Structure formats: structure tokens, C-alpha cells
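Q: Please take a close look at one helix in this model. I would like its burial, its packing partners and its place in the core, in one connected account.

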Amino acid sequence: MELETIKAAMLGVIVGDALGVPVEFMSRDALISCPVTDMRAYGTHDQPAGTWSDDSSMALCLMESLTRGVDYDDMASNYLRWADEGYWTAHGDVFDMGIATRKALVKYAHRVPALECGADGEKDNGNGSLMRIMPLALYLHQTMGPCWDDEEDVHEIVHNASRITHAHPISLIACGIYCSIANEILCGHPRDLAVYYGIEKAKAVYARQKTLAEFLPLFQEVSLNALKELPISSVRSSGYVLDTLVSALWCLLHTDNYQSCVLQAVNLGEDTDTVGAVAGGLAGLYYGLSAIPENWIKVLSRTNDIDALCEHFAESINVRL
């Protein structure tokens with residue numbers, strides 16, 4: 001896999017996140033009156049411009065872990081180090097953490113096995129695993145091949161990566177669909193076809209699994225036609241994982257470049273950083289590194305460290321061929 005592809009996906013996530021941090025929790029109406037058009041400073045979390053949040057920190061922790069292969073305890077250890085030490089944060093401190101993630105990492109700190117830490121109640125479906133999952137999609141495409149999203153056992157790797165913090169089937173399915181779409185983009189399909197194939201392939205896998213199939217009716221809006229026809233007034237940009245997935249895909253399908261996609265995502269309001277990150281990862285992957293405004297990348301924190309990790313990740317997954 002080309003280094004530029006990896007950077008496009010990861011900087012797509014991080015830039016989308018950083019654009020959303022200053023306006024997190026703002027309403028859609030407020031952002032219609034004063035929309036985000038560029039990197040902002042301070043705002044909701046009182047952070048400098050270019051500051052990324054837990055979305056990017058956890059994605060970078062996952063990417064670093066994957067340089068050593070798939071090891072769920074290693075992933076969880078990296079997340080705990082982030083929570084306790086500010087590891088892979090923009091400025092050395094953690095200023096945003098989801099409730100489910102916090103509870104899971106407390107369990108892990110008390111020696112609960114990594115795959116038993118995530119809660120599995122219906123109310124435990126925040127977007128904390130979806131927001132970080134992009135590096136795994138890159139890893140699986142390169143190490144398992146471009147058809148991995150047809151295979152149940154490989155989807156289980158995605159599910160286990162989610163289970164560390166979010167173990168309910170809704171979260172597992174959302175992560176699986178997202179990774180499948182990313183995989184189809186990596187296969188070179190046009191945008192709409194990649195979204196269509198990614199959704200349909202994942203749903204076909206889940207339809208064969210009783211414990212997951214019963215939740216598929218909740219994903220009716222997650223189809224190419226439904227997303228294309230969904231009016232913006234029906235797009236919910238909350239922290240619920242299914243809302244985040246729908247919002248991110250809607251933004252990807254209703255814009256035609258990276259910049260428009262992430263600005264649309266952030267200006268939906270509410271969970272702006274995560275919708276920006278989730279949409280931005282797919283948009284970066286699809287439109288490429290050159291499509292991400294250079295002035296936005298320049299203002300990001302720790303760009304040299306991000307570049308170095310992307311290079312290390314590229315070397316490690318290309319060796320595993």
C-alpha cells in the first residue's frame with residue numbers, strides 16, 4: 001500500500017476531527033448562522049487551532065498497535081496509556097473521552113481481559129469504536145487481501161477491535177460496514193459503487209449470523225439509495241454510532257470533494273469532531289492526499305509525528321504480504 005494512501009486516510013480523519021473540535025455540541029442552527037469554513041481556535045474545548053481530540057488519538061494508538069500485528073491487549077494497552085498519560089494526544093492532555101470508553105479502560109486497568117471490557121447494552125452504542133477504526137481497514141486490505149470483506153472470520157477482527165470499548169452488535173455492524181466501504185474505495189471503485197458494495201457485502205455477511213442479523217433492520221437508512229434520498233433535515237449527527245455512520249456517509253455522498261465533505265459534516269452540529277473524523281477518513285481515502293487543503297494540514301499539531309507513524313505503519317504492513 002502506498003504511503004500517500006495511508007496519509008490520505010489518516011490525515012482525512014485528523015483534519016475532520018480538528019475542524020470539529022472547537023464547535024462540538026453546537027446546534028445545527030447555530031452553525032447555519034456561523035458556519036465553520038476554516039480551522040478555528042479555542043471554542044468548546046478551549047484548544048488552539050489544529051488540535052485533534054480522542055477520535056484521532058485513539059486512531060493513532062490503533063495504528064501504532066497494528067504495526068505489531070493484531071493484538072487486542074496491545075490495542076487496549078495503547079488506549080489506556082492515552083487515557084492515563086496523554087499518549088498520542090495533540091498537546092499532552094486528554095480533554096475529551098466518551099463514557100463507554102472510560103468505563104472500558106477502567107476495567108482493563110483492573111485486569112479484565114481486553115475483549116470483555118466493552119459494554120454490550122443497547123445504550124452502550126456511542127461512536128467511540130467507529131471513530132478510530134480506519135487504520136484497521138487499511139491493515140486488513142493490505143494483509144488479508146481486497147476481498148476480506150466477504151469473509152466472516154475477518155469481520156470478526158473488526159468486531160473484536162470494537163469490543164475493547166463497544167461490544168453491542170449495533171456498534172460491531174457499524175464498524176464492519178465502515179471498514180468494508182473503506183476497503184471498496186481501496187479497490188478503486190467510484191464513490192457510489194464503493195459505498196454500495198461496502199454496505200451490501202457487509203450486510204450479506206451479517207445476514208448469515210443470527211446474533212447480528214436481528215439488528216440489520218435498524219440499518220435500513222444505511223443503503224446507497226436511502227442515503228442519496230435522505231433529506232438533510234432527517235440526518236441526525238448525534239453521538240449514537242448509527243447516527244454517526246449515516247451522517248458521515250450522507251456527507252460523502254452529497255458532496256464532491258474532501259473540503260466540502262468535512263465542512264458539511266462539521267456544520268451538521270452536535271458531535272462535530274467525530275462526524276468530521278468519520279466522514280473525513282473516507283473522503284481522504286477517496287479523493288487522495290492532494291485533495292486535503294495544505295493550509296489545514298500545516299496547522300495540525302504533531303504533523304511530523306503523524307508522518308513518522310504513517311511511514312512505520314506502511315513499512316510494517318507491506319512486509320506482511
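A: Helix α6 is mostly covered, with nine of its 11 residues buried. The model is a predicted one. The buried residues of α6 are Met134, Pro135, Leu136, Ala137, Leu138, Tyr139, Leu140, His141 and Gln142. They pack against α1 (3-20), α3, α7 (152-163), α8, α14 (272-287) and α16 (303-319).

Take the partner α3 in detail. Helix α3 spans residues 54-66 and helix α6 spans residues 134-144. Their axes come within 8 Å and cross at roughly 30°. Angles under 35 degrees count as roughly parallel, so α3 and α6 are roughly parallel to each other. On the α3 side, the contact is made by Ala59, Leu62, Met63 and Leu66. On the α6 side, Pro135, Leu136, Leu138 and Tyr139 make the contact. By class, this contact has eight nonpolar residues, no polar ones and no charged ones.

Next, the core. In soluble globular proteins, nonpolar side chains tend to be buried together. Here the largest nonpolar core has 112 residues. Ile6, Met134, Leu136 and Leu138 are the residues with the most contacts inside this core. Helix α8, residues 169-186, gives the most to the core, with 11 residues.

Ile6 ties in directly. Leaving aside neighbours within four places in sequence, Ile6 is in contact with Leu138, a buried residue of α6. Ile6 also touches Met63, which is among the α3 residues that contact α6. The other contacts of Ile6 are Met1, Cys310, Phe313, Ala314 and Ile317.

Now a side chain of another kind. His141 sits in helix α6. Its relative accessible area is 14%. Buried means under 20%, so His141 counts as buried. Not counting residues up to four places away in sequence, His141 touches Met1, Pro146, Trp148, Asn183, Leu186 and Cys187. Met1 is thus listed for His141 and for Ile6.

Last, the end of the helix. α6 is followed by Gly145. The phi of Gly145 is positive, near 95°.

To sum up, α6 has nine buried residues out of 11. It supplies Met134, Leu136 and Leu138, which are listed among the residues with the most contacts inside the largest nonpolar core. Its contact with α3 has no polar and no charged residues. His141 is buried in α6 too.

Note on methods. Residues are numbered from 1 along each chain as its sequence is written. This is a predicted model: local features need pLDDT of at least 70, side-chain atom pairs count only at pLDDT 80 or more; totals for chains, interfaces and linings use all residues. Side-chain values use heavy atoms; hydrogens and water are left out. Axes are lines fitted to C-alpha atoms, for helices over the stretch in contact, and angles run from 0 to 180 degrees between N-to-C directions. Helices (H or I, at least four residues) and strands (E, at least two) are DSSP runs, numbered from the N terminus. Angles under 35 degrees count as roughly parallel, over 145 as roughly antiparallel, 65 to 115 as roughly perpendicular and the rest as oblique. Contact means heavy atoms within 4.5 Å. Ala, Val, Leu, Ile, Met, Phe, Trp, Tyr, Cys and Pro count as nonpolar, Asp, Glu, Lys and Arg as charged, and the others, Gly among them, as polar. A nonpolar core is a set of buried Ala, Val, Leu, Ile, Met, Phe, Trp, Tyr and Cys residues joined through side-chain atoms within 4.5 Å. Buried means under 20% relative accessible area, exposed over 50%, partly exposed in between (1.4 Å probe, protein chains only).
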